[in-house]
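Open the model in your viewer and keep the sequence panel beside it. This tour goes from selection to selection and says what to look for at each stop.

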Amino acid sequence: MNANRTVVSTDKAPSAIGPYSQAVKTDTMVYVSGQLAFDPATGNLITDDIKTETRQAMNNLKVILEAAGSSLEKVVKTTLFIKNMDDFPLVNEVYGEFFTDNYPARACVEVARLPRDANFEAEAVGLL
């Protein structure tokens with residue numbers, strides 16, 4: 001069985017900052033690359049505070065899912081990367097604005113450094 005593989009791209013989210021796609025979908029799944037808090041209109045990284053940064057990155061994730069024909073409600077797994085685990089309660093608060101019930105599986109890890117010195121990154125796997 002050969003599964004179809006399609007690159008997903010939308011101008012409603014920031015362009016990739018390296019040799020990767022915003023997302024790739026197969027016949028039944030969508031895999032969204034890690035999203036930082038880039039403002040798609042300006043290309044600037046938003047790092048005002050961890051809640052604002054998390055909200056922008058999650059919005060970027062959301063619009064890419066929608067461009068792929070999926071949605072937050074169809075996400076089965078997320079991975080969150082945070083620079084400082086002390087920010088976990090604030091990240092969790094914002095994350096809860098996007099996922100309100102039937103939560104996806106999730107991992108959250110503290111990392112030494114993220115691209116462009118961001119403080120938060122999120123990736124997701126969802127159903128189509």
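The stops below run from the whole chain down to single residues.

**The whole chain**

Bear in mind that this is a predicted model. Show the protein chain as a cartoon. Two helices and six strands should appear. Trace the chain from its start: the order is β-β-β-α-β-α-β-β. The radius of gyration is 14 Å, close to the 14 Å that the globule rule gives for 128 residues, so the chain is as compact as a globular protein of that length. Along the principal axes, the C-alpha atoms fill a box of roughly 45 × 30 × 25 Å.

Now turn on the surface. The accessible area of the protein chain is about 6900 Å². Carbon and sulfur atoms supply 48% of that area. Of the 128 residues, 41% count as buried.

How far apart are the mean positions of the positive and negative charges? Colour by charge to see the 12 positive and 17 negative ones. Their mean positions lie 5 Å apart.

Contacts are worth a look too. Take those in the protein chain with a separation of 6 or more. Residues 24 or more positions apart make up 69% of them.

**Helix α2**

Select residues 88-98, which form helix α2. Which residues of this helix are buried? They are Val91, Val94, Tyr95 and Phe98. These residues cover an arc of only 105° around the axis, which puts them on the same side of α2. Show what surrounds them. The buried residues of α2 pack against helix α1 and against three strands: β4 (75-82), β5 (105-110) and β6 (120-127).

Stay in helix α2 and pick Leu90. Leu90 is partly exposed, at a relative accessible area of 33%. Setting aside neighbours within four places in sequence, Leu90 is in contact with Ile50 and Lys51. Add Asp49 to the view. Leu90 and Asp49 are 41 residues apart in sequence, yet their C-alpha atoms are 9.9 Å apart in space.

**Helix α1**

Move to helix α1, residues 50-67. Select Met58, which is in this helix. Buried or exposed? Met58 is buried, with a relative accessibility of 0%. Show its contacts, leaving out neighbours within four places in sequence. Met58 touches Tyr95, Phe98, Phe99, Phe120 and Ala122. Two of these names are familiar: Tyr95 and Phe98 are among the buried residues of α2. For a longer span, add Glu110. The C-alpha atoms of Met58 and Glu110 are separated by 17 Å, and the two residues are 52 apart along the chain.

Next, pick Gln56, also in helix α1. Gln56 has a relative accessible area of 18%. The cut-off for buried is under 20%, so Gln56 counts as buried. Which residues does Gln56 contact, leaving aside neighbours within four places in sequence? They are Ala37, Phe38, Asp39, Pro40 and Ile46.

**The loop before α1**

Step back along the chain to Gly43. Gly43 sits in the loop between β3 (29-35) and α1 (50-67). Gly43 is partly exposed, with a relative accessible area of 43%. Select Ser15 as its partner for a distance check. From C-alpha to C-alpha, Gly43 and Ser15 are 8.4 Å apart, with their positions 28 residues apart in sequence.

**Two positive phi angles**

The last two stops concern the backbone. Most residues other than glycine have a negative phi. Here are two that do not follow that pattern.

Select Asn102 in the loop between α2 and β5. Phi of Asn102 is positive, about 45°, although Asn102 is not a glycine. Asn102 is exposed, with a relative accessible area of 72%.

Then go on to Arg116, in the loop between β5 and β6. Phi of Arg116 is near 55°, again a positive value in a residue other than glycine. Arg116 is exposed as well, with a relative accessible area of 54%.

Definitions and conventions:
Residues numbered from 1 in each chain as written. Predicted model: local features only at pLDDT ≥ 70, side-chain atom pairs only at ≥ 80, totals over all residues. Heavy atoms only, no water. Helix = DSSP H or I, 4+ residues; strand = E, 2+ residues; numbered from the N terminus. Rg over C-alpha atoms; globule rule 2.2 N^0.38 Å. Buried < 20%, exposed > 50% of the residue type's maximum accessible area, 1.4 Å probe, protein only. Contact = heavy atoms within 4.5 Å. Areas by Shrake-Rupley, 256 points an atom, 1.4 Å probe, with all protein chains shown as cover. Lys, Arg positive; Asp, Glu negative; His and termini not counted. Charge placed at Lys NZ, Arg CZ, Asp CG, Glu CD. Arc of directions from axis to C-beta.
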